[in-house]
Amino acid sequence: MSTHQPRLIDVHGQPAVHLRAPDGAQAIVLLHGAQVVSWVPAGGEERLYLSEASGFADGQAVRGGVPVIFPQFEQRGPLPRHGFARTRRWELQRTDTGRDDAIAVLRLCDDERTREQWPHAFGAELTVAVGGTRLDVELEVEHRGEADAPAFSFTAALHTYLRVREVEETRLEGLRGLRYHDNVRGSESVQDLYALSIDDEVDRIYFDATRPLQLQEPHRTLTIESQQFPDVVVWNPWQDKTARLADLPPLGFRRMLCVEAAAIGRPIVLAPGEQWWGRQTLVAG
Ligand SMILES: O=P(O)(O)OC[C@H]1O[C@@H](O)[C@H](O)[C@@H](O)[C@@H]1O
């Protein structure tokens, strides 16, 4: 059996690590934002959406894959929208190929620039593991301040862009009974239908999800599980909003659905020395 060691590659001018498990499952992770931009399960096809109109410049957000949102979700605080983790270069700490999977660990720590925006000593680590039909993405955050430093709080998300053949033929199951905030209507509701169909702009935060979700397409399924990310964001900009996004092609919204593992409703609070982690797992079927 040949083992394929993780390789450093270039993706639109940005360094990235290419992971390949012994069974052929693959993922590509940019150092920029620690952003997974490609995932192909063993014997399968690409399951993440990456916009062909995305920019890849330093300091810019990449449209697609799995952006890491930290330490602020959206505009729920004073920081730039969705925080700074997605626009900073992370450090590649470690890669490994085991019997069943290939792994990359990336790290972002506070520096002068982060402290100007968010005055806290932190270490964030993203672990990506790919193998078989499964992709695991785990975010860990540690308070690295002195013992007498104040606690800090943050919101976070793994803003996963799932690739779909045709979003109108897609159903997301597993949200029934959950309370959600509808960002499009500015209202609160409870999901009463068993399956969410996407045929218009959708931008919702579902709170306290407990079950795995299933993304059903006519020819395939994706199971989406999360641990310690209590909330789920579902986002598709649809036609009009897409026209206002320079980094998404006009029909891009038909090929994607964001299903994000998030901690928004109850921000995470860490005292010095404390850690938190949350994980999203995708299983292709
Ligand atoms: O364009 P951005 O900053 O990547 O954000 C994309 C979307 O991200 C989603 O998580 C938000 O719920 C949406 O409101 C937002 O439009």
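Is Trp277 buried, exposed or partly exposed, and how many other C-beta atoms lie within 10 Å? Select Trp277 in this predicted model. Trp277 has 15 other C-beta atoms within 10 Å, so it counts as partly exposed: a buried residue would need 20 or more, and an exposed one would have 12 or fewer.

Stay on Trp277 and show what surrounds it. Beyond the neighbours within four places in sequence, Trp277 is in contact with Glu138, Leu139, Glu140 and Gln228. Next, pick the C-alpha atoms of Trp277 and Ala124: the distance between them is 9.4 Å, although 153 residues separate the two in sequence.

Now extend the selection to residues 275-284, which form strand 21, the strand that holds Trp277. Strand 21 belongs to an open sheet of nine strands, ordered 6-7-8-9-21-18-17-12-15 and paired antiparallel. Go to the edges of this sheet, strand 6 (91-97) and strand 15 (195-197). Each has a single partner strand, so one side of each is left without a neighbour in the sheet. On average, neighbouring strands of the sheet are turned by 15° against each other, direction ignored.

Within the sheet, select strand 12 (residues 171-173) and strand 17 (residues 213-216). These two run antiparallel and are joined by three bridges. For one facing pair, colour Glu173 and Gln214: Gln214, in strand 17, stands opposite Glu173.

The last stop is the ligand. Select the residues around it: Ala61, Glu74, Arg81, His82, His159, Asn183, Asp203, Val233, Trp235 and Glu260. Coloured by class, this shell shows four charged, three polar and three nonpolar residues.

How values were computed
Residues are numbered from 1 along each chain as its sequence is written. This is a predicted model: local features need pLDDT of at least 70, side-chain atom pairs count only at pLDDT 80 or more; totals for chains, interfaces and linings use all residues. A residue is near a molecule or strand if its C-beta atom, placed from the backbone, lies within 6 Å of it. Ala, Val, Leu, Ile, Met, Phe, Trp, Tyr, Cys and Pro count as nonpolar, Asp, Glu, Lys and Arg as charged, and the others, Gly among them, as polar. Helices (H or I, at least four residues) and strands (E, at least two) are DSSP runs, numbered from the N terminus. Two residues are in contact if their C-beta atoms, placed from the backbone, lie within 7 Å. Two strands pair if DSSP finds at least two bridges between them. Axes are lines fitted to C-alpha atoms, for helices over the stretch in contact, and angles run from 0 to 180 degrees between N-to-C directions.
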